[in-house]
Amino acid sequence: MGSLLWWIVGFYWIVSGGETLLRNAPRLYWLAVVFLAFDVFFAIFCVALACLIGVALCCCLPCIIAVLYAVGQEGASEEDLRVLPKYRFHLCKDEEKSSVGAGRMVPIETSSGYLATERILLPEDAECCICLTSYEDGAELHALPCNHHFHSTCIVKWLKMNATCPLCKYNILKGNEQV
């Protein structure tokens, strides 16, 4: 506010009484000129700084958000991944067409506390939601405690970076707590 007030008063003094002010009070005249120049420099500096900060935020904000997101995420350890039940996918044969599923998930390892039972998958459920490819006959799958299933290689890579289900955000480390 003081700068704006000085700008108005100083500019008025310089414009309206420039020659008279220079003759009668040269120090006041030059003081007004110096302060007006300082105000112009300060205004230009503030506008340039605001533009620089705006450009920096627009360019760097995605990087800052990614770093903060990565810092807040914790991946699963090998022990955490070992307890997940493993399945083998078997396509339904023509003689099995009477069933409604496109295939079956047959447990191959049950070293975990999770109950691994055979599951029948509908055609729309017989694909990995990470790599978006259909399960092939004999594919190794992992099922999470939230009952979502994925290719073993896909979900292991995902869980090492982020210990949550990619579909429902169920945290396999913290149980029911969602991120």
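The paragraphs below lead through a predicted model, from its overall make-up to one helix, one loop residue and the salt bridges.

The protein contains 5 helices and 7 strands, and reading along the sequence gives the order α-α-α-α-β-β-β-β-β-α-β-β. Of its 179 residues, 27% are buried, while the protein exposes about 12,000 Å², with carbon and sulfur atoms supplying 66% of that area. Among contacts with a separation of 6 or more, 44% are accounted for by residues 24 or more positions apart.

Helix α5, which spans residues 152–161, is a useful place to begin, and its buried residues are Ser152, Cys154, Ile155 and Leu159. Viewed down the axis of α5, these buried residues fall within an arc of 160 degrees, so they line one face of the helix. The general geometry helps in reading such a pattern: an α-helix has 3.6 residues a turn, so residues three or four places apart point the same way. On the face of α5 that is turned away from the buried side lie the exposed residues Thr153, Lys157 and Met161. As for what the buried side meets, the buried residues of α5 pack against helix α4 (78–82) and against the strands β4 and β5 (149–151).

The loop between β3 (119–121) and β4 (140–143) holds Ile130, and this residue offers another view of the same region. Leaving aside residues up to four places away in sequence, Ile130 touches Phe150, Cys154, Ile155, Trp158 and Pro166. Two of these partners, Cys154 and Ile155, are also among the buried residues of α5. Ile130 and Cys154 are 24 residues apart in sequence, yet their C-alpha atoms are 6.5 Å apart in space. Despite these contacts, Ile130 counts as partly exposed because its relative accessibility is 31%, and the buried class is reserved for values under 20%.

The charged side chains come next. Side chains of opposite charge can pair when their charged atoms come close, and in this model the count of salt bridges comes to 3. One of them joins Lys160 and Glu78, whose side chains meet at 2.9 Å, N to O. This pair links distant parts of the chain, since Lys160 belongs to helix α5 and Glu78 to helix α4, with their positions 82 residues apart in sequence. The salt bridge therefore connects α5 to α4, a helix against which the buried residues of α5 also pack. Both partners count as partly exposed, Lys160 because its relative accessibility is 44% and Glu78 because its value is 42%.

Another salt bridge is formed by the side chains of Lys86 and Glu140, at 4.0 Å, N to O. Here the linked parts of the chain are strand β1 (residues 86–91), which holds Lys86, and strand β4, which holds Glu140, the two residues being 54 apart. Lys86 is partly exposed, with a relative accessible area of 21%, and Glu140 is likewise partly exposed, at 31% relative accessibility.

The remaining salt bridge pairs Arg104 with Glu118, their closest N and O atoms being 3.6 Å apart. Arg104 lies in strand β2 (residues 103–109), whereas Glu118 lies in the loop between β2 and β3, and the two are 14 residues apart. Arg104 is partly exposed, with a relative accessible area of 27%, and Glu118 is partly exposed as well, with 46%.

Technical notes:
Residues numbered from 1 in each chain as written. Predicted model: local features only at pLDDT ≥ 70, side-chain atom pairs only at ≥ 80, totals over all residues. Heavy atoms only, no water. Helix = DSSP H or I, 4+ residues; strand = E, 2+ residues; numbered from the N terminus. Buried < 20%, exposed > 50% of the residue type's maximum accessible area, 1.4 Å probe, protein only. Contact = heavy atoms within 4.5 Å. Areas by Shrake-Rupley, 256 points an atom, 1.4 Å probe, with all protein chains shown as cover. Arc of directions from axis to C-beta.
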